[in-house]
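Work through the exercises below with the structure in view. Try each task before reading its solution.

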2 protein chains.
Amino acid sequence: MNYKELLLHPRSLPFISQARFGVEREGQRVNFSGKLATTDHPEIFGDRTYHPYIQTDFSETQVELITPVTDSINELFKYLEAIYDVASRSMADDEMIWPLSMPPALPEKDEEIMIAKLSNFEDVLYRRYLAKEYGKRKQMVSGIHFNFEFGDDLLQSLFVQQTEFTDFAAFKTELYFKTAQNFLRYRWLITYLFGASPLSEDHYFVGKPAPAEPVRSIRNSSYGYTNHPNVKVSYASMQQYLTDIEKMVEEGKLSEEKEFYAPIRFRGGKRVADLAKSGIRYIELRNIDLNPYARVGISQAQVQFLQSFLMYMLWMEHDVAVDAWVEEGEQRNEHVSLENPMDQTAFYDEGMLLLQGMKEMLVALGQSERLPLIDDMIAQLDEPRETLAGKIYQQAQQTSQHDFAYTLGKQYEEESHERSYQLAGFRDMELSTQILMFDAIQKGIEVKVIDESDQFLRLQHQEHIEYVKNANMTSKDSYIVPLIMENKTVTKKVLKEAGFRVPEGAEFTSIEEALNAYPRFAEQAFVIKPKSTNYGLGITIFKEGASLEDYQAGLAIAFREDTSVLVEAFMPGTEYRFFVIDGQVKAILLRIPANVVGDGKRTVEELVAEKNLDPLRGSHHRAPLELIQLGELEQLMLKEQGLTIHSVPEKDQIVYLRENSNISTGGDSIDVTDEFSEAYKQIAQQAVEALGAKISGIDLIIPDKDIDPQTDDQAYGIIEANFNPAMHMHVYPFAGQGRRLTMNVLELLYPEVISTPKKN
Amino acid sequence: MNYKELLLHPRSLPFISQARFGVEREGQRVNFSGKLATTDHPEIFGDRTYHPYIQTDFSETQVELITPVTDSINELFKYLEAIYDVASRSMADDEMIWPLSMPPALPEKDEEIMIAKLSNFEDVLYRRYLAKEYGKRKQMVSGIHFNFEFGDDLLQSLFVQQTEFTDFAAFKTELYFKTAQNFLRYRWLITYLFGASPLSEDHYFVGKPAPAEPVRSIRNSSYGYTNHPNVKVSYASMQQYLTDIEKMVEEGKLSEEKEFYAPIRFRGGKRVADLAKSGIRYIELRNIDLNPYARVGISQAQVQFLQSFLMYMLWMEHDVAVDAWVEEGEQRNEHVSLENPMDQTAFYDEGMLLLQGMKEMLVALGQSERLPLIDDMIAQLDEPRETLAGKIYQQAQQTSQHDFAYTLGKQYEEESHERSYQLAGFRDMELSTQILMFDAIQKGIEVKVIDESDQFLRLQHQEHIEYVKNANMTSKDSYIVPLIMENKTVTKKVLKEAGFRVPEGAEFTSIEEALNAYPRFAEQAFVIKPKSTNYGLGITIFKEGASLEDYQAGLAIAFREDTSVLVEAFMPGTEYRFFVIDGQVKAILLRIPANVVGDGKRTVEELVAEKNLDPLRGSHHRAPLELIQLGELEQLMLKEQGLTIHSVPEKDQIVYLRENSNISTGGDSIDVTDEFSEAYKQIAQQAVEALGAKISGIDLIIPDKDIDPQTDDQAYGIIEANFNPAMHMHVYPFAGQGRRLTMNVLELLYPEVISTPKKN
């Protein structure tokens, strides 16, 4: 088959970049002493029998981060970064993920290397067998497994142009075999470029033969974690491959199929034998060392290179004497793995031919944007010090490989914690959605962004699918609920009918109609507000009644914003946000206008600057609090208090910089959940129930929270109920305890995965 | 108590107009022969044990229309008009509601007057007793029962100013007694002005004494339906009133309390005795004859007058010798009832004093807008021919009272059917909401408009409350469903994952990104469209692929409308709207662009004018179809076909006037529900289920509906799903069978009230 021709066909070209990707990244949990962690896999991840993202490999300390299958490299790295963040932040405070394939110094005693404590006993037995067969220490090496699938449209368009195969599955199998054969022949180049295990640490090669370090890749050499030399499997055809594996198992050379540690694996069915029927669905490269310069162990450039390299393996001619061809590749790889990383490789010329050939292919396929990447690899071929192994070795020379790795690991750990309210990879999404995604990944609920700009997620656990928008809009609320809540008049009518105290008032659709009602309001405290705006626009408050003129002016302002205007009794008191999920108040928040507290020394400007250093403060709603501004409005507010930004407030003097308490204008969020009696919580819960909502932020005006609302019917008033209430301000408040509302949302959706004890 | 002073207090004045109203209007069902209907009360109304709006009174032919309690006269008439519409349209095709208090000629035989066929046997027994005690014929008279309650804020503000009562309920009782005493004294004026039963028809006074006709009001005289003269009840105090009624029942002069047919009744508890404890909540006037000049039997002016009259009864001095006072009133009323309607009344001077007094009160209370109404009554006092009885008598003289009443009844009946898709009283609301309200009223589900401009309804049956917006947004759909549907990308992803055929494509957020994908689309039929607009703006269709230039131009147009743009394969075929409720396709609609069919004689302009005569066509979405325009776009479309508005199309030639098939631009709606095989319906049902929706209009492109979609996977494509699908176009299509989708919505919400047999 001339794949080159098929790939170059105009029908194929539109899909040439199409592919699917997945990564499994292993890494040792290490404590701040630089030794293997002695703790168990964090309990917070829940059950390892189903966790799709965070697993353990051989040992209890060996974390495995698994991405879902993605349609782009960009998406792959979003997940990889996110899962890394979750894993890193969920571990014990003094632990980090070791950035090297080679483990740190191992314990002297074998029994101190903990085999993973899996609940499935067969899995434990298998690990015990491996420990016995290969030794525990070799199992402690970590790497990247890279799953790759050519895009379906691309494969289909290749398929329809050829005539050799009538069965699509058989065609795909042939295509992946061709790719694999060439890959095995030329993979030494990957080892040269990406090999990153030049040196071992203490107690790795205990009682075993060791190579003469430094090398390019201990892990990819025969000193790495490979099958015994008597395991031989042919890649000549699917039939031969399957027969050989079966034979190895029958002869006891392998305990089972999955013990066949090839640098490339064919994937498709549950068992290797299924491949014969269903065909190969994707391939798994297992020869990628951890790149310590990338936090997640592999860089986007590496993945791009691997994609083009695999395409080139398909594109290239290959030898029909497959077994010899593969054997030659094995030998070259072993040679390159054990070369000194500072030396030019023995196969420099072949490497150069490959890279030049890749460039020609990329140009022919219209992928010139990848040429600089290949040029960078050519430079590394010319200059071995620039390869990963070369760089690691050089840095190890300066102090030690351990210190170098420790410093990097610690740095990545700190990066994960720096803005712990954000989720790497998804920082463009709204904060509440980022936090919910964090929780879902942590708990092993599959999460897929189906529309990033719309904050639309698809969650899945086994067969149970849920869609979530804005982290709080779910299938659990009924459609009529947000419609009730977005209409202030309807909300009030429903609440009033259910017996709750709401501001008395009326709705008007013309100034004339509203003017007729003037006598009703003239003498009392009241508010005029447009019916449907939410941002405080067009609102006038008369705390001591109003003259007819002022009333008319207030109406005019409100009618500028809406065709319907509400005039309502004004309720004095403090406004609190009660966040109710599934019938329970889970958080109560007090919002205070932007302010600083004086120390008798510093100016307002200096105090603001200091307050803004809080890492919780950011901008554009991508942080739980906003930076305090010193703009026109704030300066006007200062002026009204006889101050400027250069004034020095007295010690403990609170200087407000805003009238409004919105978090979005620098306000402080204060969690006061535990300060309220059950009686107030019940009012909020029952009001939300009356509105029919499962998730709502309901705003109560409370003059004095120490008054018992059961004895005083003026103790509270309900201002409004929100169907899209912000959650991040509760999770990361300025003061008081954070409330993980996102986890409560997940619990509402997936009680089978998450269940916390309910209050009675 | 000086109520006048209390009413004039500045604290009371803001609430002076506040009151609550309710009307029960009786009327005989009469057929087009002008005789009592011989049919039963229409079955479509369901069970009379709970119907809140449409009942029967004494006889099976005597319909009783009952409004809910309303807070304004305006609202009262909305309901009265609506309930009249529903009753009138639900009766047999040849029946109408008799507009007079006096029934038409009654059957000669007593047994032909059917007692109401109620399911509660005690109710039937009571009617049998009444027939025996008073004779069936007197029971056949109809009238208005007018329920009136002073506003709660008004009563509260009167209460807080006085010192005599400490108990609010006792205060209210006293207040209503005062009102009732004066009302009984002066009600003769109501009889004079609103009396409207001057003449009886054949077989009414059979074997009973009859007055000398014409009179002002047979119904309000002793010849009307009154208790026997030995029934005497004092209105001196609540205690006396209750004791007397009890005594009458004990002595057997009344079978039970409710047989006490006073012109005014006190209402509060379930039984009269409850009034002692709970106080009077409202009063019921029973002395209002049907006004035949108002379709609903009473006019807004009459209700306004009654409100002011009752206020004046409270305002006026009254005599402390209550029994004599009331007795004097009784005598005057009897006298006035039996006066010749063309004569001046004997109590002209007292009448004039009353009306002048009312004017003074209205001025003092700041209700001058009602002065013209009183002046109108003064004119009627001066000119008896202008009273209702006077007018009816004069018209009866011209032909006969029967013919006059028949003509009016027929006219009202026709008015009800004229635009039978609308609901009188609520014509400003969206059509689907009007239709749903019609169905709810018909089926006896209580309906309250809680926000008219927002199409927000509150439905109730017994304890079961539902809120509905736009007639199709309910508690039965989950919140995430409309969010999925309003996002085209998310909708497609969900449908595709569930195995449905949707247009292949991609979403782009920049022109650059979209241009990179050009090769994917260049050679195929495709569409470029903005992600979130719905009105066809910014869409470009390339039916045969596109050049890069055209592609770029299409993208620019789409990006003008939205920041996200979809490029999708174009699916050829006809678009059908499948309306799915609760898992069942209830209607399928084909929409055809505005068009006329030639007859070889008339011009396009004439054909359009004729087509626009269809009463289904109107404007601004208040009719099922829109009027066809002949504006710029239509003329351009004609020009492209080589025509003008003056061209004469050949016989059967279809001339399209629009490219788009929207109903809102004059398109035709064609019901094709029965033309589709079950297989297509199942696709729509399953797709809507996959989206999780209970109510949805889903648009399928189908090249050929005779192709079995189970054998051809290209047989359909899903374009979009709508969460707020129009219903009226299905209920009243241009052609084909109407589908009462609103009733299906009610069935979804109230299966306990409405249940139609399900298809298996």
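Two exercises follow, one on a single residue and one on an interface.

This is a predicted model, where local features need pLDDT of at least 70, side-chain atom pairs count only at pLDDT 80 or more, and totals for chains, interfaces and linings use all residues. Residues are numbered from 1 along each chain as its sequence is written, chains are lettered from A and ligands numbered from 1 in the order in which they are written, and side-chain values use heavy atoms, leaving out hydrogens and water.

**Exercise 1.** Place Q18(A) and find which residues it touches.

Step 1. Q18(A) sits in the loop between α1 (3–8) and β1 (19–31) of chain A.

Step 2. Q18(A) counts as partly exposed because its relative accessibility is 26%; buried means under 20%, exposed over 50%, partly exposed in between (1.4 Å probe, protein chains only).

Step 3. Leaving aside residues up to four places away in sequence, Q18(A) touches F150(A), G151(A), D152(A), D153(A) and L154(A). Contact means heavy atoms within 4.5 Å.

**Exercise 2.** Describe the interface of chain B and chain A, starting with how many residues each chain gives.

Step 1. Chain B gives 35 residues and chain A gives 35 residues.

Step 2. The two chains bury about 2,900 Å² between them, 60% of it on carbon and sulfur atoms. Buried area is the accessible area (1.4 Å probe) that two parts lose on being put together, summed over both.

Step 3. In chain B, Y467(B), Y479(B) and I480(B) lose the most area to chain A, together 23% of what that side buries.

Notes: Helix = DSSP H or I, 4+ residues; strand = E, 2+ residues; numbered from the N terminus.
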